[in-house]
Protein chains: 2
Amino acid sequence: MSGRDKKQQERKRLKMADIARIAGVDVSTISRALADSPRVTAETKERIRKVVAETGYVVNHNARQLRAQRTGLILVMLPNIASSSFAEVVLGVEDAVREEGLNVVVGNTQYDAGREQVLANQLVTGAVDGLILITGRVPPVVTEMADFDRRIVAVSRPVEGHDIPFVSIDNLAAGRTIAEHIVSLGHKKIAHLAGPLESPVFRARRDSYLAVMQQVGLSDLARTFVAPSYDLEGGRLGMQEMLADGQHPTAVICGSDEIAIGAMQAARAVGIAVPQDMAFSGFDDVAISEAYEPPLTTIRIPRRKIGERGARMLLQSLDIRKPRPRSRTVDYELIERASTTGTTAR
Amino acid sequence: MSGRDKKQQERKRLKMADIARIAGVDVSTISRALADSPRVTAETKERIRKVVAETGYVVNHNARQLRAQRTGLILVMLPNIASSSFAEVVLGVEDAVREEGLNVVVGNTQYDAGREQVLANQLVTGAVDGLILITGRVPPVVTEMADFDRRIVAVSRPVEGHDIPFVSIDNLAAGRTIAEHIVSLGHKKIAHLAGPLESPVFRARRDSYLAVMQQVGLSDLARTFVAPSYDLEGGRLGMQEMLADGQHPTAVICGSDEIAIGAMQAARAVGIAVPQDMAFSGFDDVAISEAYEPPLTTIRIPRRKIGERGARMLLQSLDIRKPRPRSRTVDYELIERASTTGTTAR
DNA sequence: TTGAAAGCGTTACCAA
DNA sequence: TTGGTAACGCTTTCAA
């Protein structure tokens, strides 16, 4: 509450020199104190700390970054800004990055390699310090940079062909978890409806399904299908194909929540009761899954945490004094809901 | 493609002085040319433009902002970062703001006035240039600033007690639109389930319902209820209260999509068929509404556009040479889906 | 129309 | 342990 009557701070932003004058020391001492340098006495630090607290002083970021020869900007490149699952990763990135006083800009590529190139130029020209890729591929231009592999991390979707630090869940393990859950409910005729297989993420999830089916001796009953797109419509079309031959499974494991919801709509459209006649599972735990009717069993992916981790990895990677970060996985969680547990399987 | 063989640009970021040397002019001329000043000849501009294009030069933002005495940061303050409807507004803000070369930071308040104060200090101390409020109230600290009313705009939720530029849909008109839609389907026993009435947004939507009921001579049948919270659970509780007296309406107009979905769950839990026995409408058109079963009739709010408009208003407001922006409304849209049109009303 | 130079606020080097 | 000062890249005023 002190300093409330100080008129000057209402009008003009204070600079380090002002703090120095008030505290009776040089600006260089202020700078060192704020950086917690050991070359400032505890008493001096304390005096400075008080002045800073009273005045509400905050360092000028532009000046700091200018001096440090950095832009303080991190570019997040994602394929579809309208998707809430990508948005949540960005929120995690912002949390972590802002703690370090940096900022985040988001580039939307719409799955277009040309857009990716253009955005990647931001890194090449030095307009941003680092790049977080959710696009699953490294734009060729950036490989011209000598230290490009220290300026990029990948999250959610791995990149192929480069040794870029990566953070995500273990899709193979998660795929196994959900398949084992379905099996444990007593289902035997279990089908799989994958997302587009260009994506290693969807390939991994399907591979795990096949592995589990073999492991429990149900290989003969395994049937796989592919949704032609990532969205609800892809799920509907994939499901229609599955139902075309009349051999209805009692459970369908889907590559994503959106595909699962589309698939459930298609199944119900031909009179199949969900989950009584046919159980469904998804993947991702997007917002809609809990509120859907029936609520959808799925794998919860900590998207925000993935964003945070990815950002921290990038910050470490950008710091030349530190070792290059290694790829990491984060924990996922099986969320059992009525779409699989609403009935007892045969 | 020219300049591809230039080695130096792969190693070090170019500065304005480099461009000046290559173009054979002074840095000040480059600066003027990039600002499209009339005091540079067309030929000089053209020559500079070419060099810039070939080298991929981009100005150093920190230096520019430092010189301009601005931070280049806009703070968006919102009450709940987990809500996708707020997130979409932020995306719109980012679009508009980034066009001007500025950046956005997001502050999450969790409806807490203390958090709001702390974040508002960012503006007071000059750590950000301006503030976009989605919280519906102006933190008291900022009113100490002489020009605070030029540094703040409100979006989605109006602020009371200050003349702050505001952008949103016209909630009164939209409330009328949805009520008239329900009436036009032939419903007479129409109830209203509002969101918490602290919010002027929910008050406006309910007032419109009452006005329409009176206008069409159904005042005697009007019944209003209030959900105790903004979420699904609020909708469930509000609906349970409505159903307690046994007088079932044939249609329920809800203050938001989430409340509507909670209400539908509660209705079905007691054996009411939706929409056959009871029609429901929402408000907002959040992502889930289209995919829900039944798909929900609602008012689509262009949240991203609201964010864009708000940001542009703030940028104008920050420019002292320009007139203060006036509050604006953006268009909404009635989205008819099966939750009201899936059956013919009595 | 163009050039020279001061200054924005910070950090880090060199002296004291 | 502390102080003085040059430099970061840009914009703008003043001169030419």
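Colleague: Which helix of chain A lies across strand 1, strand 3, strand 4, strand 5 and strand 11 of chain A?
Modeller: Keep in mind that this is a predicted model. The helix we want runs at about 165 degrees to strand 4 (chain A). Residues 303-318 of chain A make it up, and that's helix 13.

Colleague: And which strands stand at the edges of that sheet in chain A?
Modeller: The sheet is an open one of six strands, paired in parallel, with the order 2-1-3-4-5-11 in chain A. A strand at the edge has a single partner strand, so one side of it is left without a neighbour in the sheet. In chain A, that goes for strand 2 (103-108) and strand 11 (328-330).

Colleague: What angle does the direction of helix 6 of chain A make with that of strand 2 of chain A?
Modeller: Helix 6 of chain A covers residues 84-99 and packs on the sheet. There it touches strand 1, strand 2, strand 3 and strand 4 of chain A. With the direction of strand 2 of chain A, its own makes about 160 degrees.

Colleague: Which residue in strand 3 of chain A stands opposite A:Leu75?
Modeller: Look at strand 1 (residues 73-78) and strand 3 (residues 130-133) of chain A, which run parallel and are joined by four bridges. Across from A:Leu75, in strand 3 of chain A, you'll find A:Leu131.

Colleague: Are helix 2 and helix 3 of chain B roughly parallel or roughly perpendicular to each other?
Modeller: Their axes come within 8 Å and cross at roughly 100 degrees. On the helix 2 side of chain B, the contact includes B:Met16 and B:Ala20, and on the helix 3 side it includes B:Val27 and B:Ile30. The contact residues split into seven nonpolar, one polar and no charged. Given that crossing angle, the two helices of chain B are therefore roughly perpendicular.

Colleague: Which residues come nearest to DNA strand D?
Modeller: There are 27 residues around this strand. By class, they are twelve nonpolar, eight polar and seven charged. Helix 3 and helix 5 of chain A give two or more residues each, as do helix 2, helix 3 and helix 5 of chain B. The ones that come nearest are A:Ser28, B:Met16, B:Ser28, B:Asn60 and B:Ala63.

Colleague: How many nonpolar residues are on the side of chain B that touches chain A?
Modeller: The contact takes 34 residues from chain B and 34 residues from chain A. Among the elements of chain B that each supply at least two are helix 1, strand 2 and helix 7. Chain B's side has ten polar and seven charged residues, and its nonpolar ones number 17.

Definitions and conventions. Residues are numbered from 1 along each chain as its sequence is written. Chains are lettered from A and ligands numbered from 1 in the order in which they are written. This is a predicted model: local features need pLDDT of at least 70, side-chain atom pairs count only at pLDDT 80 or more; totals for chains, interfaces and linings use all residues. A residue is near a molecule or strand if its C-beta atom, placed from the backbone, lies within 6 Å of it. Ala, Val, Leu, Ile, Met, Phe, Trp, Tyr, Cys and Pro count as nonpolar, Asp, Glu, Lys and Arg as charged, and the others, Gly among them, as polar. Two strands pair if DSSP finds at least two bridges between them. Two residues are in contact if their C-beta atoms, placed from the backbone, lie within 7 Å. Axes are lines fitted to C-alpha atoms, for helices over the stretch in contact, and angles run from 0 to 180 degrees between N-to-C directions. Angles under 35 degrees count as roughly parallel, over 145 as roughly antiparallel, 65 to 115 as roughly perpendicular and the rest as oblique.
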